[in-house]
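Reader: I am new to this structure and should be grateful for a close look at a single part of it. Please then place that part in its wider setting.

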Amino acid sequence: MRLDKYLGDHNVGTRKQIKEYLKNGRCTVNGTVITKPDVHIDENVDEISFDGKVLSYSRFHYFMLYKPAGVVSATNDKRNTTVLDLLKEENVRDLSPCGRLDIDTEGLLLITDDGVLIHKLLSPKKHVDKVYEVHIKHALSDDDIKVLENGVDIGDKNDDGSKKLTLPAKVYVKDSDNEGNPVIELTIHEGRFHQVKRMLEAVGNEVLFLKRLSMGSLFLDESLNPGEYRALTDEELKELGL
Ligand code: URA
């Protein structure tokens, strides 16, 4: 296997970053610094270290993408650029986005080939926190906040036909944006279709801009620009229970 592929499999970084790390002499194979990405190694025999730490094998790949607006959260699409198109350089099969953000929504998206983690983060039973920055048309009244926080009817029904209110949520009112539109942070524990937009609609408001800031323990790295991505760090993986 190529050394850069092996390092990629260990979430050391993106292909581009790995090339740079190798150039900087951060990787050794059996104690010898190797600077070329296309060197072949035998993963069953050779001892590969990065920054002095011996790597143990990881089957899966984990990337944090700052999804830009205008890109679809799908693995392929005939008309639009997909989030996977933005990771083309990785050349990794079986990657999928962990959940969906609308085409006009920005922010944190985890991309991985670890189906168990995807299930864990998306399962409605797990109630994983998702925090969104939401720019809205009108300021929220105290009553609006109460309704949003206690559970609101967004038109969904339970199996028995009764109204399926949203689960309790948290609203944090922030300053206005540059255009004077009110900004809130909304924390929800579900991932229903267009949920944030429908919640705001249900209190007579309108979402003008939507950005996901976090999902469970994973926070959008603000040093990324929209469209950029990076491998998850060891710490982030640990916090996800990996
Ligand atoms: N809620 C929405 O309405 N859209 C998103 O993309 C995510 C949450």
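Which residue of β2 is the bridge partner of valine 29?

Author: The bridge partner of valine 29 in β2 is threonine 32. Please note that the model is a predicted one. The pairing just named is part of the link between strand β1, residues 27-29, and β2: two bridges join them, and the strands run antiparallel. In general, the strands of a sheet pair through backbone hydrogen bonds, in either the parallel or the antiparallel sense. Here β1 and β2 belong to an open sheet of four strands, in the order β2-β1-β3-β4, with antiparallel pairing. The edges of this sheet are β2 (32-33) and β4 (53-54); each has a single partner strand, so one side of each is left without a neighbour in the sheet.

This sheet is one part of a protein whose secondary structure comes to six helices and 13 strands. Of its 242 residues, 49% count as buried. The C-alpha atoms fill a box of roughly 65 × 45 × 35 Å along the principal axes. The accessible surface amounts to about 13300 Å², and 47% of that area belongs to carbon and sulfur atoms. Among contacts between residues at least 6 apart in sequence, 63% join residues at least 24 apart.

Antiparallel pairing is also found at strand β8, which spans residues 130-136. With strand β10 (residues 183-188), β8 pairs in the antiparallel sense over six bridges; in this pairing histidine 135 stands opposite valine 183. With strand β11 (residues 207-215), β8 is joined by seven bridges, again antiparallel, and there isoleucine 136 stands opposite valine 207. Seven of the seven residues of β8 are buried. The cover extends to both faces of the strand: Lys130, Tyr132, Val134 and Ile136 are buried on one side, and Val131, Glu133 and His135 on the other.

Tyr132 of β8 leads on to the ligand, for the residues that surround the ligand are Leu101, Asp102, Thr105, Tyr132, His194, Gln195, Val196, Lys197 and Leu210. By character, this shell divides into four nonpolar, three polar and two charged residues. Its largest share, three residues, comes from helix α5, residues 195-202. Backbone atoms come within polar-contact distance of ligand oxygen. An oxygen atom of the ligand lies 3.1 Å from a polar backbone atom of lysine 197. For histidine 194, the distance from a polar backbone atom to an oxygen atom of the ligand is 3.2 Å. For glutamine 195, a backbone N or O atom is 3.4 Å from a ligand oxygen atom. On its own the ligand has 240 Å² of accessible area, and the protein covers 95% of it.

Leucine 101, one of the residues around the ligand, lies in the loop between β6 and β7 (106-112). Buried means under 20% relative accessible area, so leucine 101, at 5%, counts as buried. Not counting neighbours within four places in sequence, leucine 101 is in contact with Lys67, Ser73, Glu106, Gly107, Leu108, Leu109, Tyr132 and Arg212. Leucine 210 is another member of the ligand shell; although leucine 101 and leucine 210 are 109 residues apart along the chain, their C-alpha atoms are separated by 9.5 Å.

One of the contacts of leucine 101 is Ser73. Serine 73 lies in the loop between β5 (62-67) and β6 (96-97). Its side chain reaches the backbone oxygen of leucine 101 at 2.9 Å. With a relative accessibility of 3%, serine 73 counts as buried. Apart from its neighbours within four places in sequence, serine 73 is in contact with Lys67, Val83, Pro97, Gly99, Arg100, Leu101 and Leu109. Lys67 and Leu109 are thus named among the contacts of serine 73, and they are likewise among those of leucine 101.

A last loop may be added. Aspartate 221 lies between β12 (218-219) and β13 (229-231). Its side chain makes a polar contact of 2.7 Å with the side chain of serine 223. Leaving out residues up to four places away in sequence, aspartate 221 touches Met64 and Arg230.

To return to the starting point: valine 29 and threonine 32 are bridge partners, and β2, the strand of threonine 32, stands at an edge of the four-stranded sheet.

Definitions and conventions
Residues numbered from 1 in each chain as written. Predicted model: local features only at pLDDT ≥ 70, side-chain atom pairs only at ≥ 80, totals over all residues. Heavy atoms only, no water. Buried < 20%, exposed > 50% of the residue type's maximum accessible area, 1.4 Å probe, protein only. Polar contact = N/O pair within 3.5 Å; in protein donor to acceptor, adjacent residues only side chain to side chain. Contact = heavy atoms within 4.5 Å. Pairing = 2+ DSSP bridges. Near = heavy atom within 4 Å. Areas by Shrake-Rupley, 256 points an atom, 1.4 Å probe, with all protein chains shown as cover. Nonpolar A, V, L, I, M, F, W, Y, C, P; charged D, E, K, R; others polar.
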